[in-house]
Every structure is written in structure tokens, then in C-alpha cells.
Amino acid sequence: TTALGPVCVATAAKTADRWDVEVIDENNYKRYGPRTGEGLTDHRTLQKMRPADVVGLYGGLTSTVPRLYEIAKEYKAMGVTTVAGGQHFAGDNIAEALSSGVDIVVIGEGEEVIKELLALIAAGGDKSAVPGIAFLKDGNVVVTSARAPITDFDSAPLPDFSLVRYAKIKVYPINWVRGCGMNCEFCTVKGKPRPATPERVFRQITDLVEKHHARRFFLVDDLFGQFRSEAISLCKLLAEYQDAVGIRLEITVQIRLDKAKDTELLTAMRRAGIATVCIGFESPIEEQLKAMEKHLRPEDMVALARIYSKAGFFVHGMFIFGYPLAPGVEFRMPLDEQVKRFKKFIKQARLDTVQVLLPVPFAGTELTERLRKENRLFPLDVIGWEYYDGNFPVFEPDQPNTPEQLHVAGKKIMGRFYSFKYMFDVGFRTLLFPYMVFYLHNIRKGWQKWHKPWWNSVIRFGGWVTIRRWTNEFKKGGFLNKLKLAEQRIRSG
């Protein structure tokens with residue numbers, strides 16, 4: 001897939017006078033795109049091929065920010081105006097960006113800002129007149145007035161994925177609701193939820209089906225179904241459309257665990273082509289759930305997860321291992337016991353796929369502020385932003401655990417779930433398919449009974465390959481030496 005934010009901003013920029021627009025996604029950069037000798041995107045050649053006056057850079061993933069700064073400096077050296085936006089740019093990170101090759105930082109949503117900025121750049125106006133940005137003036141950071149959140153989504157153009165160059169998109173991201181009222185301590189998505197209409201979401205999907213022959217979609221919202229009646233209306237529109245044109249869509253959504261109790265919603269989702277639900281379980285340990293301000297008991301989570309599975313969904317479980325507890329909370333469970341709890345829960349909940357990451361203190365979150373006050377964040381000049389992807393410990397964990405132990409423990413859970421042995425299972429189940437069809441005397445029923453366990457085995461073998469790559473990168477990067485230095489710096493004050 002590709003990130004949705006840059007496509008939305010580029011689509012808005014395309015509506016501005018005299019500007020031609022394209023999107024380069026380095027994470028989805030396929031054939032024909034020029035590359036450097038190191039295999040990276042060759043931006044100097046791109047600039048020669050199609051000279052840019054303004055380059056926008058997306059800081060939605062903190063771990064990609066070092067690369068963002070490299071690109072910003074490269075374009076700035078070529079005389080190009082650089083603009084950056086995304087969730088990473090909050091607090092002190094704004095000043096850091098403005099000293100790292102970025103000319104203008106967009107704070108918050110970018111669709112309206114980019115149109116005003118491009119008009120200003122073309123006319124040579126005063127940047128301070130544009131709300132929602134930051135820039136340097138006489139060596140000082142200037143932050144303009146805050147911009148009101150966007151609420152009128154229906155009048156905006158649909159995201160134009162034809163602007164993405166050199167990419168092959170298999171899963172198309174879709175947005176419905178911005179903001180989230182759950183207020184989790186670790187999450188960057190905040191604010192009152194602001195939905196578009198179901199009809200706009202429906203148009204996004206059908207537009208991509210008809211223009212790009214898209215069949216697979218990921219709804220990026222954190223809480224599908226939070227607007228219940230509208231969600232059911234969207235599902236009905238999608239079901240009727242697929243019946244009318246004779247195709248089947250495959251849609252993935254992120255959803256709250258407690259929506260399993262809503263039978264009508266689940267039935268509508270299945271009919272609409274929603275095949276996979278991604279659920280943030282976070283932890284099966286009650287004390288950690290309380291620290292995250294999650295209000296569910298582990299035993300209830302198991303029961304609800306099974307309902308999704310029984311209803312026919314692929315269930316993807318997302319977890320945070322080693323969450324730091326607030327001062328004064330008494331909790332002393334050995335890491336080995338925590339690993340056992342995670343493994344037991346995953347098995348009991350019958351999850352199809354899992355993602356177990358370490359906590360990441362992202363910019364602007366309450367978790368980051370708490371860890372900073374406790375002097376637990378590792379210095380950025382040692383453990384840089386590139387390690388802020390959930391695979392590496394980036395702060396001092398709760399005593400008596402060490403960062404090294406935390407890193408190994410998290411990998412134990414994933415290593416048990418994703419294994420090389422599933423390669424043999426894939427082969428066995430592939431051979432089993434004709435037998436299933438023969439036994440059930442029905443191709444469709446045979447497929448339904450065979451496909452899910454076969455696909456689970458494919459994913460679990462693929463996950464093993466990915467974990468192996470992570471492990472090799474971990475060893476090559478000299479992270480353990482950096483970790484020792486960071487710990488020394490923390491302890492020395």
C-alpha cells in the first residue's frame with residue numbers, strides 16, 4: 001500500500017493554479033524509478049527529469065524522519081523550497097526540522113494549508129499570514145496561529161492515486177473519520193471524531209474500483225463502527241454495489257473489541273466484503289491495561305475475540321509489550337511470565353495474525369511527557385529516531401528489567417507465532433485443497449473451509465522471513481553498543 005496523507009495533500013495541491021503535482025513514495029518505489037548506487041531513490045535525477053519548485057515531505061512515521069531530513073537537505077541544496085508535515089512534527093521536533101533542511105513545517109492537516117502556501121510562494125507573500133505553519137525568521141522559530149480542523153470533507157476532491165509515480169499499489173488506503181475520542185496515553189490520534197458521510201467513503205472505493213481496478217482496501221480509521229448507523233449504511237451500499245457489478249472486494253478495518261457484541265453490524269460488515277479486523281488488544285495483563293487507560297479485562301477480551309473469529313473474520317491482534325507503568329503502581333511480574341501470558345492469550349483468543357511491538361514515545365503524547373519527566377528517554381544523539389518503530393527499546397523500562405531483556409522477550413512472542421515450520425504447512429494445505437473440494441462436493445464450500453488455515457500458514461511463514469530480516473538489521477546496526485552508551489548517559493544524569 002501507500003500512505004494516504006501525501007496523496008490527499010497532493011490532490012489538494014493539484015487544484016491550485018499553475019502547479020503540477022506528483023507523489024514519490026520511497027516505501028513503494030517499483031520499476032523504472034531512478035536509484036542511487038546504494039539502491040535509494042535518486043532525487044537528483046528526478047529533479048533533472050522533472051524540476052520541482054516545492055517539495056513536500058511526509059513525517060507520519062517517526063522512524064523515517066532521518067531519511068526525511070536527508071532528502072530535505074538534498075533538495076534545499078538544489079534551491080527547492082521544502083515543506084514537511086505529519087504527526088512527528090510537534091513540540092521540540094518543529095525546531096529540529098527547521099534546522100534539518102525543512103523550510104516550512106505544517107502543523108496539523110495539510111490540505112488547506114498547501115493551497116495557501118503554494119499561492120503565497122508563487123506571489124512571494126508573507127508566510128506569517130498562513131495559519132497552521134512554522135518557519136524560521138532571523139534564526140527564531142515562528143509559529144503562526146492555529147488552524148481549525150477540517151470538517152467539510154464531502155466538498156473536497158477524492159484522493160487521486162494516479163499522482164503516485166513508480167508505485168504498484170495492491171491495497172488502497174481509505175479514510176472516513178479523523179480524530180479519536182479514546183485518548184489513549186501512547187497514541188498520537190486525538191480530538192473529537194470528525195466523519196465524512198458514508199456516501200463519500202463509498203465514492204472513494206467505487207472510484208478506485210473503476211479507475212484503478214482496485215479490489216483490496218484498508219480503512220485507516222482507528223475505530224470503524226463508532227458511528228454505528230452510518231457504518232451499517234456504508235456496508236449496505238458496498239454490498240449492493242458488489243452484487244450489482246458482480247465483483248467481490250476485500251476490506252480491512254480497525255475496530256474496537258467490544259463491537260463484537262453488535263451482531264447486526266458484524267453481519268453487515270461481512271456482506272460488505274470486510275474480511276479482516278485489526279484489534280488493539282495492547283496487553284493481556286490487567287495492570288498494563290489500566291496504565292494505558294484501557295477498560296477491559298483479559299478474560300473478556302478472549303471471549304470477544306472469539307466472536308469475531310466465529311463470524312468469519314480474519315483477526316489481526318496488535319499488542320504493546322513492556323508498557324511502562326506510572327510511578328506508584330506496584331507490579332512485579334518477571335518478563336518470562338509476561339511472555340507466557342502473551343502466548344497463552346494469543347492462543348486462547350485464536351488470533352490469525354499478531355503484531356507485538358515495544359512501546360514508542362511518539363511526539364505530543366502523554367506517554368512521552370511522562371517518560372521525559374521521569375528522565376527515562378534515551379538521548380536522541382545515541383538512540384535516534386530511526387529506532388522509533390516498535391522493534392527497539394528507546395527508554396529505560398520498569399525495574400528490574402533491562403532494555404536488552406525487553407527486546408529479546410518481545411521477539412520471543414513473535415518468534416513462537418511466526419515460524420519456519422509453516423513453510424511445510426503451506427505445502428501440505430496446498431495439496432489438501434482438491435481433497436476438500438472432492439470431500440464436500442462443492443468448490444465454494446471447499447474453498448471456504450480450506451482458505452483461512454492455508455492463508456494463516458502463508459502469513460506465519462512470511463512473518464518468520466520478516467523477523468529474520470529485522471534480526472539481521474539489528475545486528476548490523478550496532479544497536480547493542482548504542483544501547484549501552486545510552487544507559488550510561490541516563491544513569492549519569
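1. Let's start with Glu374, which in this predicted model is partly exposed, at a relative accessible area of 25%. Its salt-bridge partner is Arg370, with the closest N and O atoms 3.7 Å apart. Arg370 itself counts as buried, since its relative accessibility is 12% and the cut-off for buried is under 20%. So the pair joins a partly exposed Glu374 to a buried Arg370.

2. Next, the Arg489 and Asp381 pair. Their side chains meet in a salt bridge, at 3.1 Å from N to O. Distant parts of the chain are linked here: Arg489 belongs to helix 16 (residues 479-491), while Asp381 sits in the loop between helix 12 (366-373) and helix 13 (403-417), and the two are 108 residues apart. Asp381 is exposed, with a relative accessible area of 60%. Arg489 counts as partly exposed, at 35% relative accessibility.

3. There is also a network to look at. Glu185, Arg370, Glu374, Arg376 and Asp398 are joined into one by salt bridges that share partners. Two of these names, Arg370 and Glu374, are the pair from my opening point. If you are setting out the charged groups, here is the background: side chains of opposite charge can pair when their charged atoms come close.

4. How many salt bridges does the structure hold? The count is 29. One of them runs between Arg228 and Asp262, whose closest N and O atoms are 2.5 Å apart. Arg228 lies in helix 7 (residues 228-245) and Asp262 in the loop between strand 12 (250-255) and helix 8 (263-272), so this salt bridge ties together parts 34 residues apart in sequence. Buried or exposed, where does Asp262 fall? Asp262 is buried, at a relative accessible area of 14%, whereas Arg228 is partly exposed at 34%.

5. Now the overall build. The protein chain has 16 helices and 15 strands. Its radius of gyration is 24 Å, close to the 23 Å from the globule rule for 493 residues, so the chain is as compact as a globular protein of that length. Along the principal axes, the C-alpha atoms fill a box of roughly 75 × 65 × 45 Å. As for contacts with a separation of 6 or more, 73% are between residues 24 or more positions apart.

6. On the inside, 49% of the 493 residues in the protein chain are buried. The largest nonpolar core has 138 residues, and the members that touch the most others are Phe217, Phe224, Met269, Tyr308 and Phe321. Take Tyr308 as an example: setting aside neighbours within four places in sequence, its contacts include Ile255, Leu257, Leu266, Val277, Ile279, Phe313 and Val315. Arg256 and Lys259 are also among the contacts of Tyr308, in case you had pictured a purely nonpolar set.

7. Finally, the outside. The accessible surface of the protein chain comes to about 24900 Å², with 54% of it belonging to carbon and sulfur atoms. On that surface, Ile107, Leu136, Val141 and Val143 form a nonpolar patch, and together they have about 300 Å² of accessible area. Leu136 is found in strand 5 (residues 133-137). Why can Leu136 be described as partly exposed? Because its relative accessible area is 41%, and partly exposed covers the range between under 20% and over 50%.

Notes. Residues numbered from 1 in each chain as written. Predicted model: local features only at pLDDT ≥ 70, side-chain atom pairs only at ≥ 80, totals over all residues. Heavy atoms only, no water. Patch = residues over 30% accessible without salt bridge, like charges linked within 9 Å, V, L, I, M, F, W, Y side chains within 5 Å. Areas by Shrake-Rupley, 256 points an atom, 1.4 Å probe, with all protein chains shown as cover. Salt bridge = Lys/Arg side-chain N within 4 Å of Asp/Glu carboxyl O. Helix = DSSP H or I, 4+ residues; strand = E, 2+ residues; numbered from the N terminus. Buried < 20%, exposed > 50% of the residue type's maximum accessible area, 1.4 Å probe, protein only. Rg over C-alpha atoms; globule rule 2.2 N^0.38 Å. Contact = heavy atoms within 4.5 Å. Core = buried A, V, L, I, M, F, W, Y, C linked by side-chain atoms within 4.5 Å.
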